[in-house]
Amino acid sequence: MTKRVFQVWKGSNKFILGGRLIFGPDARSLPLTLLLIIVPVILFCVFVARHLRHEFSPYNAGYAILVVAILFTIYVLILLFFTSARDPGIVPRNLHPPEEELRYETTVSADGRQTPSVQIPRTKEVMVNGVSVRVKYCDTCMLYRPPRCSHCSICNNCVERFDHHCPWVGQCIGLRNYRYFFMFVSSSTLLCIYIFSMSAIYIKILMNDQQGTVWRAMKESPWSVVLMIYCFIALWFVGGLTAFHLYLISTNQTTYEKLRYRSSHSRSIVYNRGCPNNFLEVFCSKVKPSRNNFRAFIEEEPPRVVTLPSTTRESGEAQDENGPRRQKVEDDLDIAEDLINLSQRCSAEEANNNQPHHTLEIDHERTGSIRTEARHGSWGRRSGSWDVAAATDVRESRSYATAKEGRG
C-alpha cells in the first residue's frame, strides 16, 4: 500500500487529521498554554466583568467589557493555532547528497594503495544583497542550508529563517509562522494589560461604593487581586518577549542570529533594509507556501549509483591477473619439470659409473609441492616463497654437471 509523506516523515513532528496539521514533538505543552490563557479569562468574566455590566452609563455599556474579553481571547487562541499547527518553513530533505557538489579525491595508504573517496565541502559561499555569506552543509538533510536557515535539534528539520524553538507553542518559529508568533505574544501582552486594568477598575468601584479602604475592597473581591497578581507576573514574560522581538524586527534579525552572532556586526547588516521596510517585510509580505506536501503519496526513486574514478594501481592489478601473472605460473611449472628431469638423469649416470662423488639431493616431495603451489597460484594466490630455493637447486645442478664433465 502506498504511503503518504507524513506517514514516513523523518523529522520528529507529530501530525493529526491525516497530515493536515503539523506540530512539534513537544506539542503536549499546548494544553498547559491553553489553560494559562483560558482559565484567567473565565475567572475574569465570572468574578469581575459580570459585576461591571451596569457600572457605566448608559446602563448596559458594561457588557462591552465582557464581550471584548471573550473576543480578544478567541483572537489570541487563533493566533496560537496558526503558530503551532502549521509548517514553520521546513526545507525538504534530499534523498542523496547533491551530485554537483561532490568531490572525488584519492588517498594513498602506507603500502602505496590508492583509495578513491567522495567528499562534500562543509561550507560554500553565496551572495546575499551583494554580500558573501557562508552557508553550511547539513549531514542530516543532505543539503546546503539556505541563508538564515538552521537545523532544529528538537524537530530534526532544517527551518528557513529559523528564529527559535518555542516549547510553549510546541513548534519551531521560522519563516512561515514568525508573524503569527509575534502577534500571539503581543496580543497576549495586551490581554494581560486589559484584565489587569479592568480588575483594578473594579477594585476602585468597590472602594467608592462602600466608601472604604483598599484592603476592604480587596476582601470584597479577592479574585480581582489574584488576577492582578497573575497578569503582573505574566507581563514580565510576554511583555519582555514582545519588546525583544520588536527590537529584532526593527533590525531584521532573528533570535538565533542575535544570540549566536552577537559579536558579528557585518552579519546583522546583511539583511537590514531599514526599520520601516523591516516591519513591512514581516507584517505585509505574502506568506510563502509550504515546500512540503505532507499528504502527497510517496514515489519510490530508483537507487542511484555513484561511479568512482578507477586508479592506476587497480587497473595494473587487473592486467597482472590476466596476463603477466599467468605467464609467471607457466614459468614456475617449467622450472619444476626441469628439476625433475635433471634429478633423474643424475641418478642414472651415478648408477652406470659406480663412482662416489658429490650428489645433489633433490627433494621430490618439494618439487611436487612446487607444482601444486604453482597450480594454486592460477586461482588468484601469489606464490613466491620457493623461487629462491628453486633457483639455488638449478645453480647446484649446473655446477655438478660441470664438475662431472671436467673429470670425464
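1. A residue counts as buried when its relative accessible area is under 20%, as exposed when that area is over 50%, and as partly exposed in between. In this predicted model, Trp223 has a relative accessible area of 35%, and is therefore partly exposed. Phe47, with a value of 31%, falls between the two limits and is likewise partly exposed.

2. Phe47 and Trp223 also belong together as an aromatic pair, with 5.3 Å from centre to centre and 20 degrees between the planes, and this pair is stacked. The two partners come from distant parts of the chain, since Phe47 is in helix H1 (residues 30-47) while Trp223 is in helix H5 (residues 222-251), and they are 176 residues apart.

3. The structure holds 14 aromatic pairs when counted by ring distance. One of them joins Phe6 and Phe15, whose ring centres are 5.8 Å apart and whose planes meet at 50 degrees, so that the pair counts as tilted. Phe6 is buried because its relative accessibility is 18%, below the 20% limit, and Phe15, also with a relative accessible area of 18%, is buried too.

4. Phe6 and Phe15 are members of one aromatic cluster, in which Trp9 and Phe294 also take part.

5. Two arginine residues should be looked at together with tyrosine rings. The charged end of Arg148 sits over the ring of Tyr271, at 4.1 Å from the ring's centre, and Arg161 lies over the face of Tyr178, at 5.2 Å from the centre of that ring.

Notes: Residues are numbered from 1 along each chain as its sequence is written. This is a predicted model: local features need pLDDT of at least 70, side-chain atom pairs count only at pLDDT 80 or more; totals for chains, interfaces and linings use all residues. Side-chain values use heavy atoms; hydrogens and water are left out. Rings of Phe, Tyr and Trp (its six-membered ring) pair if their centres lie within 6.5 Å; planes under 30 degrees apart count as stacked, over 60 as edge-to-face and the rest as tilted. Buried means under 20% relative accessible area, exposed over 50%, partly exposed in between (1.4 Å probe, protein chains only). Helices (H or I, at least four residues) and strands (E, at least two) are DSSP runs, numbered from the N terminus. A charge sits over a ring if NZ of Lys or CZ of Arg is within 6 Å of the ring centre and within 35 degrees of the ring normal.
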